[in-house]
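Please open the model in your viewer with the side chains available for display, and follow the selections below in the order given. Each stop names what to select and then says what is found there.

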Amino acid sequence: MAPKAKEKPKASATTTPAISIEDLFTSLNRHIQRSEYEQAVKLSDQILAAAPGDEDAIRCKVVALVKADSIEEALAAIKERSKKASVDLSFFKAYCLYRQNKLEEALESLKGLEGSTESMLLESQILYRLGKMGASVDIYQKLQKSAVDSLEINLVAGLVSAGRTSEVQGTLDALRVKATSSFELAYNTACSLIEREKYKDAELLLLSARRIGQEMLMEENLADDDVEIELAPIAVQIAYVQQILGNTQEAVASYTDLVKRNLADESSLAVAVNNLIALKGPKDVSDGLRKLDKLIEKSDGPEKFQLARGLDLKLSQKQREAIYTNRMLLLLHSNKLDQARELVGALPGLFPGSLVPVLLQAAVHVRENKAAKAEEILGQYAEKFPDRSKVILLARAQVAAAAGHPQVAADSLAKIPDIQHKPATVATLVSLKERAGDVDGADAVFDSAINWWSNAMTEDNNKLNIIMQEAAAFKLRHGRKEEAACLYEQLVKSHGSIEALVGLIQTAADGDIEKAEAYEKQLKPLPGLKAIDVDSLEKTSGAKHADKGPDTGVTETYEAKSKDKAKKKRKRKPKYPKGFDPANPGPPPDPERWLPKRERSSYRPKRKDKRAAQIRGSQGAVAKEAASSSDTKSNQPANSKGASQNSGTVQSKASSKSSRKKSRK
């Protein structure tokens, strides 16, 4: 036999042909283009297994993890690869820290990378989120010459947030960009108009932004719901403008539609809910609290409260503060003071440096009828931060005035130098000091205001005239006639005021009659007074009070005419019925003849028929009422005395029956 041929060794199932790195990168690029980030991470690991120091593979893995929202894994990969390979991943680390809201650490990681455009853009975003709007805008302005996409959109947004809305139009002109070039830029420009209180122009620009956005997004073949979600911020801002313009029903309908349909991003939805609650006020407290409880949740960390669904990162500080403030006010309206104290205690940590937590803390004390405690808190804060004390002092003055502490309220207003000499402030201060019994202090307020307006470099003298007129009336009311006369005389000489002339004559008539008569000649004569003899008028007892004022002459003539007419009427003989002799009228009629019989004094009701209570029916029948009464009596417990009495009666009845039987025999 021929020898058997040797079998070839079988290829093992585990051995696979080696794939080149170029093919792996090709597949990696394809997965990234398709947004298949998990597959991209796996391919990056395969490349790094073959070539551990490949920088492109490391960057692709980190970017894929970031795109997949795996920020923690991305940071871990950056830390791992930074030890093994000399690859600078500071920018990616800073971005991951920015995504985790670790803003200070993110800025620290960006040090040394200030020259690149990417790092400058990231730094400006970090500063924007930190609330440092001015520094953020400065970086954007440095990047104007760089070819950065959508730079004008972020620059305008930064200017609006920094309170520099007046620079928006100039910036657009410098960049040679129209506000309607994109719906995002139109929206941001409309926000700048809102800040400048040009609400009509803002509304028109917002409507244009919505129309432009619908056209652009439709061209990208987005679904209708996705288009509405993208344009939700514009819809919320349009509703807000309607609210400001007084179109309350339209604003409520817009907010309600956004909330019910839930076709908006989370930040726009939160703003819509908050604005709707603010618009309704305390009308439906329970519904407002229920909606806000979905936005605010308790946490176990150092901050007891935080916004749900990551809204702390998506909303500005002003928006977050408004949400907490509205919830606080609703708690006070619903009298849930325990929850209000807990929330107000956490607000200083959430918004350091803000005035709102202090004002809300004072509101809680006022709600608890502790006005003195509220005044103390506000006063301490005003002393500690005098540069930010204007609103605090106004609130303290209001609380003190409402609590019946006029002197504290006046002292608070006196510490605000900006408004000291305004007519409204002067009137309030004088009223408070007068209520407190400090007449000299009120007089000093008038004198200070008159001195300030007299030396002020302004052409508006109307305010000075008003203050001088009120000051003269105040001095005259409190017996300071000489000072009042001086003020009236100044007003007459400078402006020729008729009211001041009348006041001067009245004031001078008590002490200087010649002066009063001299000024009296300046009064214009009243028409219709030439034929009146003043001397004879003084001798009369005086004019009688008439209710209808100048129309008394008309009433007198009318009464005279009516009297004349009454005299001319003839007296007619009375008509009598047939057969009636007025000489013999007979007995007078009954004066109660018009009353019903039951209401007359002679009425006597009929007696009830005793036979109605007799038992009718067959022999031996018992009435129901009697049976029931006997049953109730038999059920009642009886004492020994009653029992003996009953037995006695039974015996007496039996004896009487027996006696009757004997007598019959």
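Begin by selecting D45, which is partly exposed, with a relative accessible area of 32%. Keep in mind throughout that this is a predicted model. Now add K61 to the selection: D45 and K61 form a salt bridge in which the closest N and O atoms are 2.9 Å apart. Because D45 belongs to helix 2 and K61 to helix 3, the pair ties together parts that are 16 residues apart in sequence. Unlike a partly exposed residue, K61 counts as buried, its relative accessibility being 13%.

**Helix 3 and its surroundings**

Extend the selection to the whole of helix 3, residues 55-67, which has 13 residues and reaches 18 Å from its first C-alpha to its last, close to the 18 Å expected at 1.5 Å a residue. Colour its buried residues next, namely A57, I58, K61, V62, A64, L65 and V66. What covers these buried residues? Among the covering elements are helix 1 (21-33), helix 2 (37-50), helix 4 (71-84) and helix 5 (90-99). It may help to recall, when looking down the axis, that an α-helix has 3.6 residues a turn, so residues three or four places apart point the same way.

Then look at the two ends of this element. At the start of helix 3, a side-chain oxygen of D54 comes to within 3.0 Å of the backbone nitrogen of D56, while just after helix 3 the residue D69 takes a positive phi of about 60°.

Stay with D69 and add R99, since these two residues form a salt bridge with their closest N and O atoms 2.9 Å apart. This pair links distant parts of the chain, with R99 in helix 5 and D69 in the loop between helix 3 and helix 4, 30 residues apart. D69 is exposed, with a relative accessible area of 54%, whereas R99 is partly exposed at 30%.

**The nonpolar cores**

Which residues touch the most other members of the largest nonpolar core? Select C96 and I126, which hold that position among the 49 residues of this core. Around I126, if residues up to four places away in sequence are not counted, display Y98, L103, A106, L107 and L110, each of which I126 touches. Apart from this core lies another, of 36 residues, whose members include A239, V271, Y324 and L343.

**Buried glutamates without a partner**

Move on to E321, in helix 19 (residues 317-333). E321 is buried yet has no salt bridge, and the nearest side chain of opposite charge, that of R320, is 8.5 Å away. Setting aside neighbours within four places in sequence, select F351, S354, V356 and P357 to show what E321 contacts.

A second case is E375, which lies in helix 22 (residues 371-384). E375, too, is buried without a salt bridge, and here the nearest side chain of opposite charge belongs to R396, at 5.4 Å. Because a salt bridge requires the nitrogen and the carboxyl oxygen to be within 4 Å, this separation does not qualify. R396 is nevertheless in contact with E375, as are V399, A400, A403, H405 and V408, again leaving aside neighbours within four places in sequence.

Further along helix 22, select E383, which is exposed, with a relative accessible area of 64%. A distance drawn from the C-alpha atom of E383 to that of L393, 10 residues apart along the chain, comes to 9.9 Å.

**Further charged pairs**

Next select E368 and R341, whose side chains meet in a salt bridge at 2.5 Å, N to O. The pair links distant parts of the chain, 27 residues apart: E368 sits in the loop between helix 21 (356-367) and helix 22, and R341 in helix 20 (residues 337-350). E368 is buried, with a relative accessible area of 17%, and R341 is partly exposed, with 39%.

For the last local selection, take D440, D443, D447, K475, R480 and E483, which are linked in a network of salt bridges.

**Zooming out**

Finally, show the protein chain as a whole, with its 34 helices and two strands. Buried residues make up 32% of its 665 residues, and the count of salt bridges comes to 23. Of the contacts in the protein chain with a separation of 6 or more, 46% are between residues 24 or more positions apart.

Definitions and conventions: Residues numbered from 1 in each chain as written. Predicted model: local features only at pLDDT ≥ 70, side-chain atom pairs only at ≥ 80, totals over all residues. Heavy atoms only, no water. Helix = DSSP H or I, 4+ residues; strand = E, 2+ residues; numbered from the N terminus. Buried < 20%, exposed > 50% of the residue type's maximum accessible area, 1.4 Å probe, protein only. Lys, Arg positive; Asp, Glu negative; His and termini not counted. Contact = heavy atoms within 4.5 Å. Expected span 1.5 Å × (residues − 1). Polar contact = N/O pair within 3.5 Å; in protein donor to acceptor, adjacent residues only side chain to side chain. Core = buried A, V, L, I, M, F, W, Y, C linked by side-chain atoms within 4.5 Å.
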